[in-house]
Amino acid sequence: MALKLITPASALAVTLVDAKAHLRVDVADDDALITAMIMAAAELAEQHTGRAIMAQTWELTLDAFPDALKLTRTPVQSITSIIYADSAGANQTLSGSGYALDAADGYGYAYVVPAYGTAWPDTRDQVNAVAVRYLAGYASAADVPESIKSWIKLAVGSMYTNRESAVVGSGSVLSLGFADSLLDRYKVWG
């Protein structure tokens, strides 16, 4: 089983304007730096929560169809395709009517199961016989919970203020202490 990012997010959950307002920066000199920090903070938020923040395409590959395909990057917006190697070894695309998506409630994994009254097709006994592509993440920045956006802004603030890796007091400069709890309710539990 392998999970691979196919298309990264093309939009930011926190805009450059919002980040600069949070930082109280009103010049354009550091725009590229701040944008890079927003992207890094969003990746950290994804790592801490196990979810996709902005829309991105993922591919899960498996050696065969399990009872249910577990999609671990949530929230899942849609299934792009399910391609499998049939018993003769030819690649086939499963029709959208052949499966159903249980996108869960956003706090657990999403699952893809065979449509009612159907079963998964037989696959060839080979590595990566099944490939599921799906779109995960929030549809727009407006849909991203404010707690996640606040955490990203706090992380950007910490990175911007402390440009070098160092230990301050008893903790790392990227240890956000209480702020990390902003992400707790958005962690994906399997």
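Here is a short chat about the helices, strands and cores of this predicted model.

Me: Before we start, what should I know about the numbering and the cut-offs?
Reply: Residues are numbered from 1 along each chain as its sequence is written, and side-chain values use heavy atoms, with hydrogens and water left out. This is a predicted model, so local features need pLDDT of at least 70, side-chain atom pairs count only at pLDDT 80 or more, and totals for chains, interfaces and linings use all residues.

Me: How far apart are the end C-alpha atoms of helix α2?
Reply: Helices are DSSP runs of H or I with at least four residues, strands are runs of E with at least two, and both are numbered from the N terminus. The expected span of a helix is 1.5 Å times one less than its number of residues. Helix α2 covers residues 31–49, so its 19 residues should span 27 Å. That agrees with the model, where the end C-alpha atoms are apart by 27 Å.

Me: Which residues of α2 are buried?
Reply: Buried means under 20% relative accessible area, exposed means over 50%, and partly exposed is in between (1.4 Å probe, protein chains only). The cover over the buried residues of α2 includes α1 (16–23), β2 (56–62), α3 (146–161) and α4 (181–184). The buried residues are Asp31, Ile34, Met37, Ile38, Ala41, Ala42, Ala45, Glu46 and Thr49.

Me: Which helix gives the largest share of the largest nonpolar core?
Reply: A nonpolar core is a set of buried Ala, Val, Leu, Ile, Met, Phe, Trp, Tyr and Cys residues joined through side-chain atoms within 4.5 Å. The largest one has 25 residues, and Ile34, Ile148, Ile152 and Val156 touch the most other members. Helices α1, α2 and α3 each supply at least two residues, but the largest share, 7 residues, comes from α3.

Me: In the open sheet, which strands stand at the edges?
Reply: Two strands pair if DSSP finds at least two bridges between them. The sheet has 5 strands with antiparallel pairing, in the order β1-β2-β8-β4-β5. Two of them have a single partner strand each, so one side of each is left without a neighbour in the sheet: β1 (2–7) and β5 (91–93).

Me: How many residues of β2 are buried?
Reply: Strand β2 is joined to β1 by 5 bridges and to β8 (residues 130–136) by 7 bridges. Gln56, Trp58, Leu60 and Leu62 point one way, Thr57, Glu59 and Thr61 point the other way, and all are buried. So β2 is largely enclosed by the rest of the structure, and the count of buried residues is 7 of the 7.

Notes:
Contact = heavy atoms within 4.5 Å.
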